[in-house]
Amino acid sequence: MTSTPAYQLTDNPKNPQPANGGQACGKVYDTIKPDNRLSIEKSAPGRRALKFKGRLKHTAPPVPEAMKRKTSPRLPELSEFDTVRHFTRLSKINFSVDSHFYPLGSCTMKYNPRVNEDVAALDGFAGLHPLASDETAQGTLECLYDLQNRLCELCGMDAITLQPAAGAHSEFTGLLVAQAYFAHKGQKDRVEIIVPDSAHGTNPATASMLGFSPININSGPDGRVDLEVLKRHLGAKTAVVMLTVPNTLGIFESGIESIARMAHEAGALVYMDGANFNALIGLVKPGELGVDIMHLNMHKTFSTPHGGGGPGAGAIAVKKHLDAYLPVPIIKKEEDRFLADFNRPLSVGRVKAFFGNTGVLLKAYTYMLMHSARELGQIAENAIINANYAKALLKDSYPAHSKEHCMHECVLTPGPEMTAQGIKTLDIAKRLLDYGFHAPTVYFPLIVHEAIMIEPTETETRETIDEFAAAMKKISVEAVSDPQKVKDAPHTMPVKRLDEVQAARQPNLRW
Ligand SMILES: *Cc1c(COP(=O)(O)O)cnc(C)c1O
């Protein structure tokens, strides 16, 4: 790995980033002329952008007469400038991680270095035919092979698949592997999956989808698994203990080694939801703590924020005893050639076409190669420092759910002087938009009343977190001096507060 830091780590005095925060973004919006017309409403007959001289040569096969439309499609007729301004305006009234601080907890909306996109878009990768033979796909296979090895090393695991399409799909694949393992051992009566209430919601959902019975256990007062409660539920029917680490309260499951020992003594496996591995990367190897199966969200830990719903990529890493059940193909190296290995008789089969979401995997690989081993550890350190910094700045107005240090995200709640005015978490989230900040995750985790979950991520500067905290504190003051203003927010956005009951009962889905 190279030793040059490829992106700006927090508080690097040699290369300070300008504080962007909301102010700059607010200004961008202010300079945009409000114009809610659709492009079709701006249309003028005959207006157009570009005229080609002569006719373009027809290459498409002719459409059968009966299927030809009788009237021309109603498309907007716009000048080139109208078109460019229309879409540029739309893009600017949107919040995005490139324009705004985006502290969504449990989502890791970190900066996605542009070089990731450049690499994934290289002709040799992007132009590769999905059915290309291994022989003609050696470069891509080599990258995936190297990525597999590096991830195994970081996780302290023995084998890995890069096939799953995202986090929830990884959980599905991981539990499918566990199911195949127990079936092969003749232990089909292991049908229960123990899930603490601090786990991500996808965990019990996945367990149910596969026909397991999720057994929900309550956390102790410190937000961690209560070992006594766990002990009562472990038994001959337990297939898997499924832990989210750090859990959805942003807390490290410090009893994980004891949990693993207890699970193994009961003959069960330990699954770790490692979607938020950016809190642990380079600092902790889950395999050394007794984890048998874990998944990674390549699109969270290794950049590529997924808030836009774009493609993700997951990976599940397992210990040796589960290797045989992983999906096909696994990328292997034989002598100096790379190949997709399908010859795995105990495999659960394919879970995704081709090699998985290769574009996202290549972005993750690029991100990883840009960092030395030490710098990967700094990702986790900075993610943790930033979350604890935000929590400390806000402690007077927004008490934290847990008094302990958090990992990469903190869970706060509106203070008593705010709730006394009837201010809800949703009001704070909406008011933040007026200050130019995307809202944090709200009402998650479900076990915290009026939760506000903030994940600054490691890629934000101290100044940005300061600005965000200042806006949050200002809202807590407004909540007392002018509560209605907070309840009616947002005031500066193109779309104001919606009547959510009306929207659900009488949705108006047309312009
Ligand atoms: C995001 C997340 C998931 C789900 O991942 P997707 O890629 O959105 O399917 C699962 N578990 C945890 C802890 C997460 O943060």
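Residue T366 is placed in helix α11 (residues 358-369). Helices here are DSSP runs of H or I with at least four residues, strands are DSSP runs of E with at least two, and both are numbered from the N terminus. The structure is a predicted model, in which local features need pLDDT of at least 70 and side-chain atom pairs count only at pLDDT 80 or more, while totals for chains, interfaces and linings use all residues. Residues are numbered from 1 along each chain as its sequence is written, and side-chain values use heavy atoms, with hydrogens and water left out.

**Two single residues**

T366 is buried, with a relative accessible area of 10%. The term buried means under 20% relative accessible area, exposed means over 50%, and partly exposed lies in between, for a 1.4 Å probe and protein chains only. Leaving aside neighbours within four places in sequence, T366 is in contact with V115, N116 and V119; contact means heavy atoms within 4.5 Å.

N218, by contrast, is exposed, with a relative accessible area of 53%. N218 belongs to the loop between β3 and α8 (227-233). Not counting residues up to four places away in sequence, N218 touches D197, D226 and V229. N218 and P196 are 22 residues apart in sequence, and their C-alpha atoms are 5.9 Å apart in space.

**The seven-stranded sheet**

An open sheet is formed by 7 strands in the order β1-β7-β6-β5-β4-β2-β3, with mixed pairing. Its edge strands, each pairing on one side only, are β1 (159-161) and β3 (213-217). From one strand to the next, the twist averages 20 degrees. Two strands are said to pair if DSSP finds at least two bridges between them. Within this sheet, β5 (residues 269-274) and β6 (residues 293-297) pair in the parallel sense over 4 bridges, and D273 stands opposite H295 in β6.

Helix α5 (residues 138-155) packs on the sheet, where it touches β1, β6 and β7 (314-318), and its direction makes about 125 degrees with that of β1. Helix α9 (residues 256-265) lies across β4 (238-244) and β5, running at about 170 degrees to β4. For such angles, axes are lines fitted to C-alpha atoms, for helices over the stretch in contact, and the angles run from 0 to 180 degrees between N-to-C directions.

Which residues of helix α7 (residues 202-209) are buried? They are N203, T206 and A207. Seen down the axis of α7, these buried residues fall within an arc of 100 degrees, so they line one face of the helix; the arc is that of the directions from the helix axis to the C-beta atoms. The buried residues of α7 pack against α6 (167-184), β2 (192-196), β3, β4 and β5.

**Pairs of strands and a second sheet**

A further open sheet has 3 strands in the order β10-β12-β11, with antiparallel pairing. The edge strands are β10 (410-412) and β11, each of which pairs on one side only. In addition, β8 and β9 form a hairpin with 2 residues between them. The table lists three strand pairs with their bridges.

| Strand pair | Sense | Bridges |
|---|---|---|
| β5 and β6 | parallel | 4 bridges |
| β8 and β9 | antiparallel | 5 bridges |
| β10 and β12 | antiparallel | 3 bridges |

Individual partners can also be named: R337 in β9 is the bridge partner of E334, and M453 in β12 is that of V411.

**Positive phi angles**

G211, just after α7, takes a positive phi of about 85 degrees. G436, just after α14, takes a positive phi of about 85 degrees. E335, in the turn of the hairpin, has a positive phi of about 50 degrees.

**An enclosed helix**

In helix α14 (residues 425-434), 8 of the 10 residues are buried, so the helix is largely enclosed by the rest of the structure. Its buried residues are T425, D427, I428, A429, R431, L432, L433 and D434. Their cover includes α13 (416-419), β11 (441-442), β12 (452-454), α15 (462-481) and α16 (483-487).

**Cavities**

The structure holds 2 cavities of 30 Å³ or more. A cavity is a set of points, on a 1 Å grid over the protein atoms alone, where a 1.4 Å probe fits but cannot get out, and lining residues have an atom within 4 Å of a point. About 60 Å³ of space lies in the largest cavity. Its lining includes L144, Q148, I160 and F355. At least two lining residues come from each of α5, β1 and β8 (330-334).

Terms used:
1 Å grid on protein atoms, 1.4 Å probe; cavity = no way out; pocket = protein on both sides within 12 Å on 5 of 7 lines; lining within 4 Å. Points joined across faces, edges and corners; volume = space filled by probe spheres on them.
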